[in-house]
Amino acid sequence: MSRRSPAFEGEPVIGLRCKVLAAFTAGLLSFAVLGPALGQQSPGANIAPPPAAAPADDGQWTMPAKNYASTRYSELSEINESNVGRLQVAFTFSTGVAKGHEAAPLVVGATMYIVTPFPNILYALDLTKPGAPMKWKFEPKPEPAAQGVACCDVVNRGAVFSNGRIFFATLDGHAVAVDAETGEQVWNTKIGNINIGETITMAPLVVKDKVLVGNSGGELGVRGWIKALDVDDGHVVWTAYSTGPDNEVLIGAEFKPFYEMDQGRDLGVTSWPPDAWKIGGGNVWGWISYDPELDLIYHGTGNPGPWNPDLRPGDNKWTAGIFARDPDTGSAHWFYQWTPHDQHDYDGINEQILLDMDWQGQPRKVLVRPERNGYVYVLDRTTGEVLSAKPFGAVNSSKGVDLETGRLIENPEKKTGTGKVVRDICPTASGAKDWQPSAFSPRTGLLYIPHSNLCMDEQGVEVNYIAGTPYVGMNVRMKPGPGGHRGEFTAWDIANEKPAWKLKENFPVWSGALVTAGDVVFYGTMEGWFKAVSARTGELLWQFKTSSGIIGQPIAYRGPDGHEYIAVLSGVGGWAGAIVTGDLDPRDATAALGFANAMRDLKDATNAGGALYVFRLP
Amino acid sequence: MKTRVLLLMLLCVAIPVAGCEREERNTRPDPALGSSEQGVPVTTLAPGGERPSLSDTKAAEFENNAYHLSEGKRLFDWFNCSGCHANGGGGMGPALMDDKWIYGGSIESIHATIRDGRPNGMPSFRDRIPDDQIWELAAFVRALSGNASKAAAPSRNDDMMAHPSENRLPNATTLGKSP
């Protein structure tokens, strides 16, 4: 895990920071250069995922996050900084679906699997043959009506492979197991109900003999849950709700939250107005990580509903937070609430990267979370203690995190409520960063974060709860953040709690990130550019324009010919791209929950349409 | 001179009368849930035949009536239409302020859409909204694409400006430009 570059020169500070630095006095400059000697750690020093959660790379890609530690790091290095400029298309494949493609392709042995947005078709492609022809396709035929209750495009974030089977969820609330060889359905369990607004968009995770999956619906007053299904026959083993009495949240004797604010009986009921928890959100629609040594899974919970906070006084447990649970029983071990009494739709469901590192001289087992509310959190994953929370984007809705109490310090000036228009709140409801997962390289110690740079105006309004219809109560109007660019790609130096470099993008960066041992980072833009940049400097090394905007998760794999390949799904959409896939009218500033207003020109930049792109060296 | 005064007096009477018409309504509507009886064709295609005609006696009563339009606007939020269609620009459901219609833009078709739902995610409100209120909603939906008389369509509301008020929205087809 050695760092290739010397201690400080290799840690570039580009763009704005460069100019700012240059403007400083010589004295300050020499201080900066002396930085490392004055306690600066070299970024990569002793930061690595626990080996049990990130085993040696076998060249396959069997789950969207690559491994249980969720590093999205490939050990392949055939494609590297010096030759990536020669990357070319190996083959493409049209998915035939014109909605947002957020999924990561999977590669198992000599087969690639891709799952599309609604109607959630699962394709198997034969990588041994020229052009990777289709082996089979599996059509689960979800109910078309489900499209009406999917808050933000009808996306699917991927499938997962385990023990000869592919597992994924359909928009209309089914979890499905398919034989990876034959494409035959093994089991199909209905776990969601669209008539109360439940959908499923997340990629499941398989831990031991269980498939873990949660629901979406935080904009429709759906009570959040995560379920564990038996891998063999799909029966539900346990269900943990995100709101309600302790026994339904699976809070028992083992539950030891670190901070006082999360301690007490039945907080999932008492931190709400009477019965509001039953329609209070907290949906588990994002990412799950797993530490096999501690035998704990980690998953976030979504925003409380409705968005208008006046309608739900209280901390609204256990929404907008993170749980550590026992995967066998679901029993909660700890919880931490990123955003108590959320006022801005700051779902807490992003990816968590499990790392072991020296923190202020002490070896710690940490969990790193670039969070929707704008902070990169470093938590002790054994206890839930917050070690660090520093902003990675523009934030004015809060003023930091109190490390004594663990509580987010809210900014009263940006407090929303009924009948009141609050302007220029940063970040937006979609967050400094939404679901799009970051990648971590142990070679650089940097976390590569794809994210947005947006702010918004909000006005709380009254709203009626009608099951199966939206329960939001907020007029929202989004706009570009400081500087006018709407997207950023930030390389975050975890050890030193600051960015190493930042790239600006015109549109929000809504794709996932991939980093490889060739020190190349891959991500896509909503115009459709697929980019390779240097993991150390951020310098653009190669780019290719795909047929539609990219919001998918790139992967790297070793093909049957022994060579390294890079794959990504192109196909604009998602919440940010809903203006294109839903053909929305941006003359209404509140279209797509306010996102259309910030994306008025996206229709001129790209068109909908899903396609797989696979690249290799000549 | 005399005729002028007479004309002026006539005008003074005529304007308020016209104003009254824009508000005219049945103050004792059928309170029952239930629906207009006519079936609404779901397509304009009939093999070899005439284009199926869409007309409902109730349509004229609700279209271009200021009271019904403003009630439609209130109900659009009340029944969470705005949750899926935003303030007309769309979101989970399609935009309603443009000139693209999947299921027809006549008030009868829109009434049928709201009453019966549509397959790709438009819920059926048959058992939730009384028939007359469905007509009010349908009339308001037409106003979103500039298809209601300026005199009757709602004007500025008190909320955050999502778009120009309905009585200033241009017809979606021409967007205010002369053809």
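Which residues form one aromatic cluster with A:Tyr336? The views below start there. This is a predicted model in which local features need pLDDT of at least 70 and side-chain atom pairs count only at pLDDT 80 or more, while totals for chains, interfaces and linings use all residues. Residues are numbered from 1 along each chain as its sequence is written, chains are lettered from A and ligands numbered from 1 in the order in which they are written, and side-chain values use heavy atoms, with hydrogens and water left out.

**View 1. An aromatic cluster in chain A.** A:Tyr336 is joined by A:Phe258, A:Tyr259, A:Trp338, A:Tyr375 and A:Tyr377. Rings of Phe, Tyr and Trp (its six-membered ring) pair if their centres lie within 6.5 Å; planes under 30 degrees apart count as stacked, over 60 as edge-to-face and the rest as tilted.

**View 2. The aromatic pair of A:Phe93 and A:Tyr123.** Over all chains, a search of the whole structure finds 35 aromatic pairs. In this one, the rings meet edge-to-face, 4.9 Å centre to centre with 75° between the planes. A:Phe93 and A:Tyr123 are both buried (under 20% relative accessible area; exposed is over 50% and partly exposed in between, with a 1.4 Å probe and protein chains only).

**View 3. Arginines over rings.** The charged end of A:Arg72 sits over the ring of A:Trp287, 4.5 Å from its centre. A:Arg223 lies over the face of A:Tyr241, 3.8 Å from the ring centre. Here a charge counts if NZ of Lys or CZ of Arg is within 6 Å of the ring centre and within 35 degrees of the ring normal.

**View 4. The disulfide of A:Cys151 and A:Cys152.** The whole structure holds two disulfides over all chains, each a pair of cysteine sulfur atoms within 2.5 Å. A:Cys151 and A:Cys152 are joined at 2.0 Å, S to S, and their link is left-handed, with -105° about the S-S bond. A:Cys151 is partly exposed at 25% relative accessibility, whereas A:Cys152 is buried at 13%.

**View 5. The disulfide of A:Cys426 and A:Cys455.** These two sulfurs stand 2.2 Å apart, and the link is right-handed, with 100° about the S-S bond. A:Cys426 is buried at 7% relative accessibility, and A:Cys455 is buried with a relative accessible area of 5%.

**View 6. B:Cys81 and B:Cys84, not bonded to each other.** Why is there no bond between the sulfurs of B:Cys81 and B:Cys84? They are 8.6 Å apart, which is too far. B:Cys81 is buried at 15% relative accessible area, and B:Cys84 is buried at 12%.
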